[in-house]
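Reader: I'd love to go through this interface with you, one question at a time. Shall we start once the structure is up?

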Number of protein chains: 2
Amino acid sequence: MNAAKIIDKTILFTTCPDPTISDEELLVRVAGAGLNAADLLQVGGFYPPPNGVVSDIPGLEFSGTVVAQGSKVPTNWINRPIMGIVAGGAQAEMVKIHFSNAIEVDQTLPLVKWSAIPEAYTTAYDALFSQGEISAGDRVLITGATGGVGTAAIALAKFAGATVFGVSRTDEGLLAIERQGAMAISPSQIATSGPFDLILELVGGVNMASNLQALSLLGRIVIIGVGAGPKAEVDLRMIMAKRATVRGSTLRPRSVGEKAQIAQRIQSHILPAIKDGTFGPLISAVYPASKAALAYSDFSKSKVGKLILDFSI
Amino acid sequence: MNAAKIIDKTILFTTCPDPTISDEELLVRVAGAGLNAADLLQVGGFYPPPNGVVSDIPGLEFSGTVVAQGSKVPTNWINRPIMGIVAGGAQAEMVKIHFSNAIEVDQTLPLVKWSAIPEAYTTAYDALFSQGEISAGDRVLITGATGGVGTAAIALAKFAGATVFGVSRTDEGLLAIERQGAMAISPSQIATSGPFDLILELVGGVNMASNLQALSLLGRIVIIGVGAGPKAEVDLRMIMAKRATVRGSTLRPRSVGEKAQIAQRIQSHILPAIKDGTFGPLISAVYPASKAALAYSDFSKSKVGKLILDFSI
């Protein structure tokens, strides 16, 4: 098969061996694969996949059609359209996934566009609901609100009944946030725009002082991105006085079982709202998979929504 | 009445007006009152009590005998021995408390010694159980483990079935930690003595980097003291990679209702173990209340356990 392969810290679209599946896995012909900041880190050598995962093909999410399945997969998945998150290897013509982590999709979106959903919506869902304990009526701040996860987080936080504020540095970003129905603010306005019950930090340490200032009593800060740098100077008295909770997490190293739990929640809580058109993925660009190298170099440019690789063209 | 009164940022034992009680309050003749780091901060002008609380008499905890009660207190408290936490004013011959926050005590300890319990055990209980979600089998680290809260935390964490590590800078402190049945380590050993499921941070920002290094996956850090300084430099990637939770809180500004909840938990979970001798307060020194000024100046010296003021001598 062809895949986006890491060679000498760059991406080359070239041939690789097909994945081989185990008893409980599905083999999928990929339609689309999303690009994530983590992929860039991996290409740069900074974020190797967990043990046992293909290390020279990046890609954490995909959509596609099941073409084979292991002998212990309990139901028939052949020819079904699915999406899913994996710990690596999604940016290839073929990918494998544990059957419990596959999420069946339908015709609401072209199959390739479902690939913009799994990582962004799973990350945003986990951060808002599981870690951030979002409630209707909460005032929620989302920094880095224009990327894939940020736009998914705005959609999900609004869906949960929250009043949502999004942060962007660019005029284009602020406009996009407003178009999603959220309040748009610049980073310098964070400290004075609170109190926020929940803050999703997607940018990094630079925001932490403002975040703590703007946090409400019993507020939560969930850290899921540090693209602008991980170091934060924190005044612990603020955490005490606000009775705050600061949490962080990554999805990638979680077990198959934990990912299955999340997949199930996406299926029951989020898919119905996508299928009935309440929200959907914001896609900034679709690149043919053969142009993966270009997609990687364009990824860091200012954009709104997800960048995906199309394996059907 | 006489009280430890704040005059020009020092303590003088002198006369003050008696407190007047409202419909739902108890008036208490104080037997003993504990000293806390927060009192020193208040004397120094850095930690004023919440609105509506006497501001020139420090003291957050006491034991004593009820001598009067408001007209809406539902049961008869007169002559009953109690202990409790208040937002200020406990270091006086008379103190008032909302009836829902009073905890009845018995003869297990001399009445004056019950005053070593409320703030320390409430703080440690809240941090370990409510915020830290301690479980049997957890490996728990307690920094600043020789003070009132630290010694209470060791006792409670062991009671909860945890394996407990205490941190002290002094040989005397390390010995005291071992005598309580915990593993004793110095601050420089924190980073390499993990993984810890739960860390109670009583010292401040200086430990945060080591704490994060020693934290287990899904571990919790609960910050309840910053005596050595509140500034911490934190690597947010560590919080993400460990899927960590960092929490902080203070008890003092909580509402009467929240304090009543805590009092009830102390009553049902902790008092039985004190009464049957499973653990009790570690008391470093008892000063006559008239020597309050000396007690304050001695407080910051190295010690193991609580320092209390005795109002009966």
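Reader: How many salt bridges does the rule find across the interface of chain A and chain B?

Author: Happy to help, and please keep in mind that this is a predicted model. One example pairs A:Glu258 with B:Arg243, where the closest N and O atoms are 3.1 Å apart. That distance fits the rule, because a salt bridge needs the nitrogen within 4 Å of a carboxyl oxygen. Across the whole interface of chain A and chain B, the count of salt bridges is four.

Reader: Which element gives the largest share of the side of chain A that touches chain B?

Author: The elements giving two or more residues to that side of chain A are β13 (231-235), α6 (236-241) and β14 (245-248). The largest share is five residues, and the element they come from is β13(A).

Reader: In what sense do β13(A) and strand β13 of chain B pair?

Author: The partner strand in chain B covers residues 231-235, and the pairing runs over five bridges. Within it, A:Val234 stands opposite B:Ala232. The sense of the pairing is antiparallel.

Reader: Which residues in chain A lose the most area to chain B?

Author: Let's begin with the whole contact, which takes 27 residues from chain A and 27 residues from chain B. Together the chains bury about 2500 Å², with 59% of it on carbon and sulfur atoms. Of what the chain A side buries, 28% belongs to the three residues that lose the most area: A:Leu236, A:Met240 and A:Arg243.

Definitions and conventions:
Residues are numbered from 1 along each chain as its sequence is written. Chains are lettered from A and ligands numbered from 1 in the order in which they are written. This is a predicted model: local features need pLDDT of at least 70, side-chain atom pairs count only at pLDDT 80 or more; totals for chains, interfaces and linings use all residues. Side-chain values use heavy atoms; hydrogens and water are left out. Contact means heavy atoms within 4.5 Å. Buried area is the accessible area (1.4 Å probe) that two parts lose on being put together, summed over both. A salt bridge is a side-chain nitrogen of Lys or Arg within 4 Å of a carboxyl oxygen of Asp or Glu. Helices (H or I, at least four residues) and strands (E, at least two) are DSSP runs, numbered from the N terminus. Two strands pair if DSSP finds at least two bridges between them.
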